[in-house]
Amino acid sequence: MAPRSSTALPTGDPRRPLEAKKYKRPPPPKEEDMPPDLIGIAGALFGMGGTLLRWKPCAWLAAFCCASSLTNIKVAENDLKQVVSNVTFSLTGLLVCYLAPTTQGAAQKNLTPGPVGAVMRLFGYNQA
């Protein structure tokens, strides 16, 4: 490449301040254009599973999904009903799993309660 002559060198500020445009923030996306909160939906499903089936892993997954969904809220005006139902299902699932009384038959026979125990009894697995 040939060296430039001294007359071709620009003098002053090469950034052209007259052509600079001030940054304008784009408008926020509409709520109907936002993707659904999949972690919140998963939290609600796991919460229902933990509450209705009394299965501890479902209840704990619901609690973690609910916490993750709450910390990653993108829109401040998120649907309050969905947030409240997620928190309610996750807490109810944990309470039902740990504070609900178990049946005396299951405690006396040392059987696993819930759907896992039902499947194990269905296939004839003896736990004793």
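This is a short talk through the helices, the buried residues and the cysteines of one protein chain.

Okay, hi everyone. Before anything else, keep in mind that what you have on screen is a predicted model. So let's begin with the overall layout. The chain has five helices and zero strands, and if you read along the sequence you get α-α-α-α-α. There are 128 residues, and 19% of them count as buried. As for the outside, the chain exposes about 10800 Å², with carbon and sulfur atoms supplying 64% of that. One more overall number: take the contacts with a separation of 6 or more, and 64% of them come from residues 24 or more positions apart.

Now, helix by helix. Let's go to α1, which has 16 residues. From first C-alpha to last, α1 reaches 22 Å, close to the 22 Å expected at 1.5 Å a residue. Which residues of α1 are buried? Well, have a look at the glycines: the buried list is Gly40, Gly43, Ala44, Gly47, Gly49, Gly50 and Thr51. And what do they pack against? Those buried residues pack against α2 and α3.

Right after α1 comes a residue to click on, Arg54. Arg54 is found in the loop between α1 and α2, and Arg54 has a positive phi of about 55° although it is not a glycine. In terms of accessibility, Arg54 is at 47%, so it counts as partly exposed.

On to α3, which covers residues 80-99. Here's a little check you can do yourselves. With 20 residues at 1.5 Å a residue, α3 should span 28 Å, and the C-alpha atoms at its ends are 28 Å apart, so the two agree. The buried residues of α3 are Val83, Asn86, Ser90, Gly93, Leu94, Val96 and Cys97. What covers them includes α1, residues 38-53, and α2, residues 56-71.

Let me zoom in on two of those. Take Gly93 in helix α3. Is Gly93 buried or exposed? Its relative accessible area is 0%, so Gly93 is buried. Leaving out residues up to four places away in sequence, Gly93 touches Gly50, Thr51 and Ala59. There's also a C-alpha distance you can pull up: Gly93 and Ala62 are 31 residues apart along the chain, and their C-alpha atoms are separated by 8.0 Å.

The other one is Ser90, also found in helix α3. Ser90 has a relative accessible area of 3%, so it's buried too. With residues up to four places away again not counted, Ser90 touches Gly47, Ala59, Ala62, Ala63 and Cys66.

While we're on serines, let's hop over to Ser69, in helix α2. Ser69 comes in at a relative accessible area of 9%, so that one is buried as well. Set aside its neighbours within four places in sequence, and Ser69 is in contact with Asp37, Ile39 and Gly40.

Okay, cysteines, since somebody usually asks. How many disulfides does the structure hold? Zero. Cys58 is in no disulfide, and the nearest cysteine sulfur to it, that of Cys97, is 8.4 Å away. What about Cys66? The closest cysteine sulfur to the one in Cys66 belongs to Cys65, and at 8.8 Å it's too far for a bond. To put that in context, the cut-off here is sulfur atoms within 2.5 Å. As for accessibility, Cys58 is at 9%, so it counts as buried. Cys66 is at 8% and so counts as buried too.

Last stop, the surface. Where is the nonpolar patch? You'll want to highlight Leu38, Ile41, Leu45, Met48, Leu52, Leu53, Trp55 and Val116, which form a nonpolar patch with about 760 Å² of accessible area together. Which helix gives the most to the patch? That would be α1, with six residues. So α1 is worth viewing from both sides: it gives the most to this patch, and its buried residues pack against α2 and α3.

Val116 is one more member of the patch, and that residue lies in helix α5, residues 114-122. Val116 has a relative accessible area of 32%, so it's partly exposed.

That's the tour. Happy to go back to any of those residues on the screen.

How values were computed
Residues are numbered from 1 along each chain as its sequence is written. This is a predicted model: local features need pLDDT of at least 70, side-chain atom pairs count only at pLDDT 80 or more; totals for chains, interfaces and linings use all residues. Side-chain values use heavy atoms; hydrogens and water are left out. Helices (H or I, at least four residues) and strands (E, at least two) are DSSP runs, numbered from the N terminus. The expected span of a helix is 1.5 Å times one less than its number of residues. Buried means under 20% relative accessible area, exposed over 50%, partly exposed in between (1.4 Å probe, protein chains only). Contact means heavy atoms within 4.5 Å. Accessible areas come from the Shrake-Rupley method with a 1.4 Å probe; for residues, only the protein chains shown count as cover. Patches are made of residues with over 30% relative accessible area and no salt bridge: like charges are joined within 9 Å, nonpolar side chains (Val, Leu, Ile, Met, Phe, Trp, Tyr) within 5 Å. A salt bridge is a side-chain nitrogen of Lys or Arg within 4 Å of a carboxyl oxygen of Asp or Glu.
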